[in-house]
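Pull up the model in your viewer and let's walk through it piece by piece. We'll begin at a turn, work out across the sheet, and finish with the helices and a few odd backbone spots.

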Amino acid sequence: MKKVIIYTDGACSGNPGDGGWGAVLRYGDVEKEISGFEKNTTNNKMELTAAIVALNLLKLPCEVELYSDSAYLINGFTKGWIWGWKSNGWKTASKDDVKNVELWKELDRLNRMHKITWIKVKGHSDNEYNNRCDKLATGEIKKNRV
């Protein structure tokens with residue numbers, strides 16, 4: 001199984017507001033940067049979208065280390081939130097609908113396809129790749145402002 005390292009970040013100007021996401025994929029010596037923009041979105045949606053788009057670029061099942069500064073994204077897997085939501089019919093413990101459910105369902109599908117280790121990094125710190133992802137995400141917002 002090929003090993004891929006992915007860094008992701010999402011950003012929003014206002015919440016909701018204009019949003020951007022960025023990701024860096026690393027395979028051996030090869031690096032690929034991707035980013036995108038969405039109007040009237042939330043920071044959490046952008047965090048999830050960055051991971052989804054990056055993982056969807058992988059053509060075969062891979063061993064993935066996915067790094068994000070989003071506790072929302074990482075805890076969804078490392079704290080088992082997603083398994084509880086699934087077993088509760090995509091409801092939270094308080095019986096509310098899970099927010100961003102379609103994005104979580106896609107992440108669940110991708111998590112079953114790949115062997116993903118979900119790793120939380122400190123945001124806006126000294127992590128070179130997290131900082132690059134932040135620049136990609138915020139750059140998309142700046143570039144698409146009218």
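**From a hairpin outward**

Start at the hairpin of β2 and β3: two residues sit between the strands, and G28 there has a positive phi near 60°. Keep in mind that you're looking at a predicted model. The two strands of the hairpin, β2 and β3, run antiparallel and are joined by ten bridges. If you want one pair to click on, try A23, which stands opposite I34 in β3.

Now zoom out to the sheet. It's an open one built from five strands, ordered β3-β2-β1-β4-β5, with mixed pairing. β3 (30-41) and β5 (115-120) are the edge strands, and each has a single partner, so one side of each has no neighbour in the sheet. Going from one strand to the next, the twist averages 20°.

The antiparallel part you've already met in β2 and β3. For the parallel part, look at β4. Strand β1 pairs with β4 in the parallel sense over six bridges, and I5 has E65 as its bridge partner in β4. Strand β4 (residues 63-68) also pairs with β5, again in the parallel sense and over six bridges. In that pairing, S68 stands opposite K120 in β5. How much of β4 is buried? Five of its six residues are, which leaves the strand mostly covered.

Next, bring in the helices. Helix α1 (residues 43-56) lies across β1 (3-14), β2 (17-27), β3, β4 and β5, and runs at about 155° to β1.

For the helix pairs, a little bookkeeping helps: two packed helices are described by the angle between their axes and the distance between the axes. Take α1 and α4 to begin with. They pack at an angle of about 35°, with axes 10 Å apart, and their crossing is left-handed. On the α1 side the contact uses K45, L48, T49, A51, I52, L55 and N56, while α4 brings L103, W104, E106, L107, R109 and L110. Sorted by class, the residues of this α1 and α4 contact come out as eight nonpolar, two polar and three charged.

Helix α4 (residues 101-113) also meets helix α2 (residues 71-78): here the axes come within 12 Å and cross at roughly 55°. That angle is why α2 counts as oblique to α4. The crossing of α2 past α4 is right-handed. From α2, the contact takes in Y72, L73, G76 and F77; from α4, it takes in W104, L107, D108 and N111. The class tally for α2 with α4 is five nonpolar, two polar and one charged. Two names are worth highlighting in your viewer: W104 and L107 of α4 take part in the contact with α1, and W104 and L107 also take part in the contact with α2.

That leaves the backbone oddities. As background, most residues other than glycine have a negative phi, and most peptide bonds are trans. Where is the cis peptide bond? It joins N15 and P16, with omega at about 15°. P16 sits in the loop between β1 and β2. With a relative accessible area of 54%, P16 is exposed, the cut-off being over 50%. Still, P16 has company: setting aside neighbours within four places in sequence, P16 contacts N40, T41 and T42. For a longer reach, go from P16 to E47: they are 31 residues apart in sequence and 13 Å apart in space, C-alpha to C-alpha.

Finally, check the loop between α3 (81-87) and α4, where you'll find W90. K95 lies in the loop between α3 and α4 as well. W90 isn't a glycine, yet its phi is positive, at about 60°. K95 isn't a glycine either, and its phi is positive at about 70°. Which of the two labels, buried or exposed, fits W90? W90 is buried, because its relative accessible area is 15% and the limit for buried is under 20%. K95, on the other hand, counts as exposed, at 60% relative accessibility.

Note on methods: Residues are numbered from 1 along each chain as its sequence is written. This is a predicted model: local features need pLDDT of at least 70, side-chain atom pairs count only at pLDDT 80 or more; totals for chains, interfaces and linings use all residues. Side-chain values use heavy atoms; hydrogens and water are left out. Axes are lines fitted to C-alpha atoms, for helices over the stretch in contact, and angles run from 0 to 180 degrees between N-to-C directions. Helices (H or I, at least four residues) and strands (E, at least two) are DSSP runs, numbered from the N terminus. Angles under 35 degrees count as roughly parallel, over 145 as roughly antiparallel, 65 to 115 as roughly perpendicular and the rest as oblique. A crossing is left-handed if the near helix is turned anticlockwise from the far one by less than a right angle, and right-handed if clockwise. Contact means heavy atoms within 4.5 Å. Ala, Val, Leu, Ile, Met, Phe, Trp, Tyr, Cys and Pro count as nonpolar, Asp, Glu, Lys and Arg as charged, and the others, Gly among them, as polar. Two strands pair if DSSP finds at least two bridges between them. Buried means under 20% relative accessible area, exposed over 50%, partly exposed in between (1.4 Å probe, protein chains only).
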